[in-house]
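This report describes a helix and a sheet of one chain, with a short table of the elements concerned. Please view the sequence and the model side by side while reading.

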Amino acid sequence: MQTSTNNSTTSVPVLQLVDPNAVRRSVLTMLYRAKASHLGSNMSAIEMLIAMYASVDCEKIRKQKSDRSRILISKGHCAAATYATLAHYGILPMHLLETYHLDGSKLAGHVSHTVEGVEHSTGALGHGINVALGCAMGLRSRGHVNRLVLALVGDGEIQEGSIWEAMMFAVHLKLNNFITLVDNNRISSITNTEKVIDMRPLKARFEGFGLNVHEVDGHDVLAIMSAIEQIQKDNLPGVIICNTIKGYGVPFAEWQPMWHYKSLTEDQYTEAIDHLDRLKVA
Amino acid sequence: MRGQIIDSIFDQMKTNPDVFFLTADMGIGLVEKFEENYPNRFSNVGIAEQNLVGISAGLVNLGFRPFAYTISNFIIHRCFEQIRNDIGLHSYPITLLGTSTGFDNAPLGPTHHIVDDWGTLKGLPNIDIYCPSSLSYAANLIEKIIQAGRPAYIRIPKGAHTEPDSEENMIKLRGESDDVLLVSYGNPAQLCIEVRKEDPRISVLVINRLRPLDDLALSEALDLHKRIIVVEDHFPHSGLFGSICEFIATHPIHGKIESLGPRSYTFEVGTSPEYFYKKYGIDVTSILEVINKKDDK
């Protein structure tokens, strides 16, 4: 864990932030060891995950307090990045990362609620967001109105109709503690999302549903945190479109749909780690 | 039956602050009292069944005990994956309330015929399934389900039947002979009781909890009968006939198993359930004919 200095573009206070480079290194090692897939989707979401957990009280999550803020991973296939982030925040024992995707482990390729810190098991898309909405309603009903519910969805995932059921109802209820973060990496399963269903202009579509929409660089942790903070000041549920690069930080995988599926060879793993080393030195 | 179930949930809400009622815009004249009295534990989520189940799962995360209400087909078929993943995989104590069964909605057509709801759900491993046949059973069902703390589905028949007057999951109405046993649930159970009144030799087994079945009680109930006829307003292969066949295959039951019930969907219009009972041979006359025809051989 390293201390991040605040910059002039945001009002987010100085916090202990996890280093994206360190999480990326953990994820690469997990994926390489297990010959696992979903490299691209994991890499695009790392800064988002870091920002989400930095925006809530992780101690309450660690202790499973009933009044904790909830973080729901609706795009469950970014499990490696989620588990690595949880480990770097001290919620999940670091040594468990070594078991990812291996025989007998509870750390599967999609997030599981049997793992410390994970609220809900997902994998099929368009599920976590509705559960997140239920959490937000439940928090309000219990009187914990200042607790957040942050839900991470993919930009391919928002093709699921259930996503929009949740959006409509969240706006109707004016749940301003309910914030959806869209990993807008613009590649879904087999190709670019705009070739499948062109959702542009995405911001206007969410705004058309009545949501409080922010659009940020999805690899800027502080910008994401600032947007989360801004949304809470309003009285509407929020959406943060995080513009990301699928495979971010692994140059040969960036923007490549095939890295939704491929697993790393030894040479590719070495090349990716070397790249992170150079970034760290720089 | 619906009113009884709703009243029971309302009673539980008075003393249990975790009970939460949700509807997908169904239940006019029944559900308003939840909103009026407990607005923080009521939600009409709109015509959005996937959201209904997902929200219910989120409420369990906060310690609530949700009851999710809409027409049986909509709550089972529209959001089957939500039931599998968000309820079943998590073993969440959510109760799905399905209004109407079999041909309760007769003239509305096959989208509203409830003939493959619980059979579909039976494919999932850990959801209890109930179909109350009488008000007596329905009266305490909600309390039992809350105590059990498991995922559950209640298939709620239209009607307000007083027989059998019992809270048991399985009720045997013994006949004068051991030859024929009719096995049924929900509204067709009433038809079987009528058959027994016509022919006192017939025994009737009414099953209110369709899963899990009590092995010992079922074994004792089926034992000694020469003919076991399952009568249901649901596809038999995935319904109770399928369950009884599975049971008999693994237990020393020697009676011959037979089935009466619908085998496919139909677009044919019938203005009442009785029209379809006759069409599919589960009306009183048809059941008696089947019993007597085989008796003649």
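In this predicted model, Lys35(A) takes a positive phi of about 50°, at a position just after helix α1(A). The helix itself, formed by residues 20–34 of chain A, has 15 residues and reaches 21 Å from its first C-alpha to its last, which is close to the 21 Å expected at 1.5 Å a residue.

Buried positions in α1(A) are Pro20(A), Val23(A), Arg24(A), Ser26(A), Val27(A), Leu28(A), Met30(A) and Leu31(A). An α-helix has 3.6 residues a turn, so residues three or four places apart point the same way. The buried residues of α1(A) pack against four helical segments of chain A, namely α2, α4, α9 and α10, whose residue ranges are given here.

| Partner of α1(A) | Residues (chain A) |
|---|---|
| α2 | 39–54 |
| α4 | 79–88 |
| α9 | 221–233 |
| α10 | 266–281 |

Turning to the sheet, chain A contains an open sheet of 5 strands with parallel pairing, in the order β3-β4-β5-β7-β6. Its edge strands, each of which pairs on one side only, are β3 (70–73) and β6 (212–217) of chain A, and neighbouring strands of this sheet are turned by 20° against each other on average, direction ignored.

At the β3 edge, β3(A) pairs in the parallel sense with β4(A), residues 149–154, over 4 bridges, and Leu72(A) has Ala151(A) of β4(A) as its bridge partner. Helix α5 of chain A, residues 128–142, lies across β3, β4 and β5 (178–184) of the same chain and runs at about 170° to β4(A).

Technical notes. Residues numbered from 1 in each chain as written. Chains lettered and ligands numbered in written order. Predicted model: local features only at pLDDT ≥ 70, side-chain atom pairs only at ≥ 80, totals over all residues. Pairing = 2+ DSSP bridges. Helix = DSSP H or I, 4+ residues; strand = E, 2+ residues; numbered from the N terminus. Axes fitted to C-alpha atoms, helices over the stretch in contact; angles between N-to-C directions. Contact = placed C-beta atoms within 7 Å. Expected span 1.5 Å × (residues − 1). Buried ≥ 20, exposed ≤ 12 C-beta atoms within 10 Å, placed from the backbone.
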